[in-house]
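This briefing goes through a protein model topic by topic, for a reader who has the sequence and the coordinates at hand. The points below are grouped so that each can be checked against the structure.

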Amino acid sequence: MSLAVETRSTPRDIEGEALAALDAGDRENAVTVLMSAYGTEIFRFCRHLVTDPTLAEDAHQMTFVQAYEGMERFSRRSSLRTWLFGIARHRCLDALKMTRRRGARFEAVERLPDAPSPELNSDDRLTARARSRLLAECLDELRPRIRAAVLLRFQQGLSYPELAEAVGERPATLQARVARALPVLRHCLERKGAV
């Protein structure tokens, strides 16, 4: 009679791994862990906020460069994920300012909406993609700081306290900003026939 040991895969403790590497003085490994875990989310956030793929990629890369450079100064008042989104937000806003200052006008040729569920049939997937594109267009009409707050809240699922830590503003201010943006987005979607 053999006893089989049941093993369950435990969820990976990303924050713990990165902080352990940092405590061991291995910034490179800490940032590698963070890039592996959060890189796609950060890029998607940058891509939706900046809309220009090249600038989004630059902001994404600069986020992790700045994280590497500032890792030892991480104060641990928030999660590393929240800290990274704060850095990403600042790099995206910098990219948008730079673009405005140079007077360049970029029009996104194609948006990167979230992929529709694979369980949907082809008609439903097309409808979902069309709605995603319309939502991206409506988000583009918001000012960058408002768009960033909405994306961090709903796309990335940050709580208002986490959002406040990431952007350096009060939770109530951000909650009001997001609350005022939602009717604007709804009106835009209605105007475009998506609702």
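Cys-138 and Cys-188 form a disulfide, with their sulfur atoms 2.1 Å apart, and this is the 1 disulfide that the structure holds. The model is a predicted one, and the values given here are computed from it. Its protein chain has 195 residues, and its secondary structure comes to 8 helices and 0 strands.

**Cysteines**

- The disulfide links distant parts of the chain, for Cys-138 lies in helix α5 (residues 122–141) and Cys-188 in helix α8 (residues 171–191), 50 residues apart.
- The torsion about the S-S bond of Cys-138 and Cys-188 is about -85 degrees, and the disulfide is therefore left-handed.
- Both ends of this bond are covered: Cys-138 is buried with a relative accessible area of 2%, and Cys-188 likewise counts as buried, at 3% relative accessibility.
- Why is no bond assigned between Cys-46 and its closest cysteine sulfur, in Cys-92? The two sulfur atoms are 3.4 Å apart, which is too far for a bond, because a disulfide requires a pair of cysteine sulfur atoms within 2.5 Å.
- Seen from the other side, the cysteine sulfur closest to that of Cys-92 is the one in Cys-46.
- Cys-46 is buried, with a relative accessible area of 0%, and Cys-92 is buried with a relative accessible area of 0% as well.

**Overall fold**

- Read along the sequence, the protein chain follows the pattern α-α-α-α-α-α-α-α.
- Of the residues in the chain, 40% count as buried, while the chain exposes about 11900 Å², of which carbon and sulfur atoms supply 51%.
- Among contacts in the protein chain with a separation of 6 or more, 67% are accounted for by residues 24 or more positions apart.

**Packing of α2 against α6**

- The axes of helix α2 (residues 27–50) and helix α6 (residues 144–155) come within 10 Å and cross at roughly 145 degrees, and the crossing in which α2 passes α6 is right-handed.
- On the α2 side the contact is made by Arg-44, Phe-45, His-48 and Leu-49, which meet Pro-144, Arg-147, Ala-148, Leu-151, Leu-152 and Gln-155 in α6.
- Sorted by class, the contact of α2 with α6 has 6 nonpolar, 2 polar and 2 charged residues.
- The buried residues of α6 are Ile-146, Arg-147, Ala-148, Ala-149, Val-150, Leu-151, Leu-152 and Gln-155.
- Just after α6, Gly-157 takes a positive phi of about 70 degrees.

**Charged residues in different settings**

- Is Arg-89, which lies in helix α4, buried or exposed? Arg-89 counts as buried, at 2% relative accessibility.
- Not counting residues up to four places away in sequence, Arg-89 touches Phe-45, Arg-145, Ala-148, Leu-152, Val-167 and Glu-169; of these, Phe-45 also takes part in the contact between α2 and α6 from the α2 side, and Ala-148 and Leu-152 from the α6 side.
- Arg-77, placed in the loop between α3 (53–70) and α4 (80–102), is exposed, with a relative accessible area of 66%.
- Although Arg-77 and Glu-165 are 88 residues apart in sequence, they are 8.5 Å apart in space, C-alpha to C-alpha.
- Glu-162, in helix α7 (residues 160–167), counts as partly exposed at 30% relative accessibility.
- Leaving aside neighbours within four places in sequence, Glu-162 is in contact with Thr-82 and Gly-157, and Gly-157 is the residue with a positive phi just after α6.
- Glu-162 and Gly-86 are 76 residues apart in sequence and 9.5 Å apart in space, C-alpha to C-alpha.

**Backbone torsions in the loops**

- Most residues other than glycine have a negative phi.
- Thr-51, found in the loop between α2 and α3, has a positive phi of about 70 degrees although it is not a glycine, and Thr-51 is buried, with a relative accessible area of 14%.
- Arg-76, found in the loop between α3 and α4, has a positive phi of about 65 degrees and is not a glycine either, and Arg-76 is partly exposed, with a relative accessible area of 41%.

Technical notes. Residues are numbered from 1 along each chain as its sequence is written. This is a predicted model: local features need pLDDT of at least 70, side-chain atom pairs count only at pLDDT 80 or more; totals for chains, interfaces and linings use all residues. Side-chain values use heavy atoms; hydrogens and water are left out. Axes are lines fitted to C-alpha atoms, for helices over the stretch in contact, and angles run from 0 to 180 degrees between N-to-C directions. Helices (H or I, at least four residues) and strands (E, at least two) are DSSP runs, numbered from the N terminus. A crossing is left-handed if the near helix is turned anticlockwise from the far one by less than a right angle, and right-handed if clockwise. Contact means heavy atoms within 4.5 Å. Ala, Val, Leu, Ile, Met, Phe, Trp, Tyr, Cys and Pro count as nonpolar, Asp, Glu, Lys and Arg as charged, and the others, Gly among them, as polar. Buried means under 20% relative accessible area, exposed over 50%, partly exposed in between (1.4 Å probe, protein chains only). Accessible areas come from the Shrake-Rupley method with a 1.4 Å probe; for residues, only the protein chains shown count as cover.
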